[in-house]
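Thanks for making time for this at the end of the agenda. Please bring the structure up on your own screens, so that you can follow each residue as I name it.

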Amino acid sequence: MEKFQLSVLFKIIGIGSASGLVYHQDKLYIISDNSTFLYEYNILNKRLDKIALVENPKDNIIKKEKPDFESITLKGNNLVLLASGSTDRRNQLFKYNINSKKIKEKSFEEFYRKLKSELEIKEDELNIEGLILNDKKIFLFQRGNGGNSKNRIIYADDELDNPKFKFIPFELPNIKNVETTFTDAILVEDKIYFLAAAEDTSSTYDDGEVLGSIIGCIDLKTFNLEFNYQISDKHKFEGLTLYKKTATQLELLLCEDTDSEVLVTDIYSLIINK
């Protein structure tokens with residue numbers, strides 16, 4: 001039996017450069033790293049709605065000004081959207097309440113400043129690509145694609161005003177002699193499922209040639225890497241969410257950042273054995 005099955009499930013017109021997604025009650029909530037909208041896609045009726053996060057929102061924002069939303073997760077009734085921290089324009093956190101439709105914005109600048117100081121991460125090497133909120137802990141996934149940066153799982157008690165950071169450096173497999181680096185992560189029971197991509201660049205800012213992506217699993221208690229599979233040699237998958245699960249299999253949904261201004265997004269189904 002194949003270790004995984006990857007296929008295009010459907011296409012969404014109106015979203016480009018998708019960088020994260022959450023599945024909840026027959027809807028997909030999707031972020032784009034160059035947009036100031038949160039996108040809500042109803043899978044049943046194939047309707048796309050755009051939720052403005054700021055005044056005068058845009059679908060395509062030039063690279064030096066984009067907010068760079070790379071992480072989205074669901075905690076209770078709140079979707080939490082987080083920017084990567086890779087420049088001083090990319091320090092915002094938004095909460096969107098699915099029931100009330102209310103939006104709250106918070107600056108993450110001081111949190112990121114403290115993180116960089118405590119963990120000795122250089123200004124141009126912070127690049128948070130995944131976020132998990134679990135009970136009273138926050139887990140951040142540092143994409144180690146800077147010049148001297150390393151993949152790290154950073155975690156702290158969920159005290160955003162006075163966090164105490166801990167971290168685990170993580171070596172991931174290479175694709176064509178380039179190390180894969182975290183692009184998203186989710187929690188399913190007591191396992192972390194993550195995406196990582198190989199991109200031939202030494203910068204957290206500039207894009208490079210995409211060499212492929214992997215899916216992997218980490219035990220939450222031990223932080224041991226349980227398995228990883230290369231699932232593509234050409235896609236930079238950046239979004240991951242649980243869609244369905246059985247006793248033996250998980251079906252995950254993935255989205256891809258194409259690094260283009262074309263407002264089209266393919267949603268992929270990835271079935272893996274537990």
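Lys 11 counts as partly exposed because its relative accessible area is 47%, where buried means under 20%, exposed means over 50%, and partly exposed is what lies in between, with a 1.4 Å probe and protein chains only. What you are looking at is a predicted model, in which local features need pLDDT of at least 70 and side-chain atom pairs count only at pLDDT 80 or more, whereas totals for chains, interfaces and linings use all residues. Residues are numbered from 1 along each chain as its sequence is written, and side-chain values use heavy atoms, with hydrogens and water left out.

Which residue does the side chain of Lys 11 meet in a salt bridge? The partner is Asp 266, at 2.8 Å from N to O, and by salt bridge I mean a side-chain nitrogen of Lys or Arg within 4 Å of a carboxyl oxygen of Asp or Glu. Lys 11 lies in strand S1 (residues 4–13) and Asp 266 in strand S22, so the pair ties together parts that are 255 residues apart in sequence. Strands here are DSSP runs of E with at least two residues, numbered from the N terminus. Asp 266, at 21% relative accessibility, also counts as partly exposed.

Let me stay with that strand for a moment. Ile 267 lies in S22 too, which covers residues 264–273, and Ile 267 is buried, with a relative accessible area of 0%. If we leave aside its neighbours within four places in sequence, Ile 267 is in contact with a list of residues that includes Val 8, Phe 10, Leu 28, Ile 30 and Leu 253, contact being heavy atoms within 4.5 Å. Ile 267 and Lys 46, by comparison, are 221 residues apart in sequence and 13 Å apart in space, C-alpha to C-alpha.

In the loop between S21 and S22 we find Val 262, and is that residue buried or exposed? Val 262 is exposed, with a relative accessible area of 51%, and together with Ile 13 and Val 264 it makes a nonpolar surface patch of about 260 Å². Such patches are made of residues with over 30% relative accessible area and no salt bridge, with like charges joined within 9 Å and nonpolar side chains (Val, Leu, Ile, Met, Phe, Trp, Tyr) within 5 Å; the areas come from the Shrake-Rupley method with a 1.4 Å probe, and for residues only the protein chains shown count as cover.

Moving back along the chain, strand S20 (residues 237–245) and strand S21 (residues 249–256) run antiparallel and are joined by 7 bridges, two strands being paired if DSSP finds at least two bridges between them. The hairpin that joins S20 to S21 runs through 3 residues, and Lys 245 stands opposite Leu 250 in S21. Leu 240, which lies in S20, is buried at a relative accessible area of 1%, and its contacts beyond four places in sequence include Leu 21, Ile 186, Phe 194 and Leu 253.

The salt bridges deserve a second look, since the structure holds 17 of them. Which residues are linked with Lys 66 in a network of salt bridges? They are Asp 33, Asp 68 and Arg 90. The side chains of Lys 66 and Asp 33 meet at 3.6 Å, N to O, and this pair links distant parts of the chain, with Lys 66 in the loop between S5 and S6, and Asp 33 in the loop between S3 and S4, 33 residues apart. Asp 68 forms its salt bridge with Arg 90, the closest N and O atoms being 3.4 Å apart, and here Asp 68 sits in the loop between S5 and S6 while Arg 90 sits in the loop between S7 and S8, 22 residues apart. Lys 66 counts as buried because its relative accessible area is 9%, and the word buried also applies to Asp 33 at 3%, to Asp 68 at 4% and to Arg 90 at 3%.

Finally, the sheet around that last loop: 4 strands form an open sheet in the order S6-S7-S8-S9, with antiparallel pairing. Its edge strands, each pairing on one side only, are S6 (69–75) and S9 (103–107). Within this part, S7 (residues 78–83) and S8 (residues 92–97) are joined by 5 bridges, and Leu 79 stands opposite Tyr 96 in S8.
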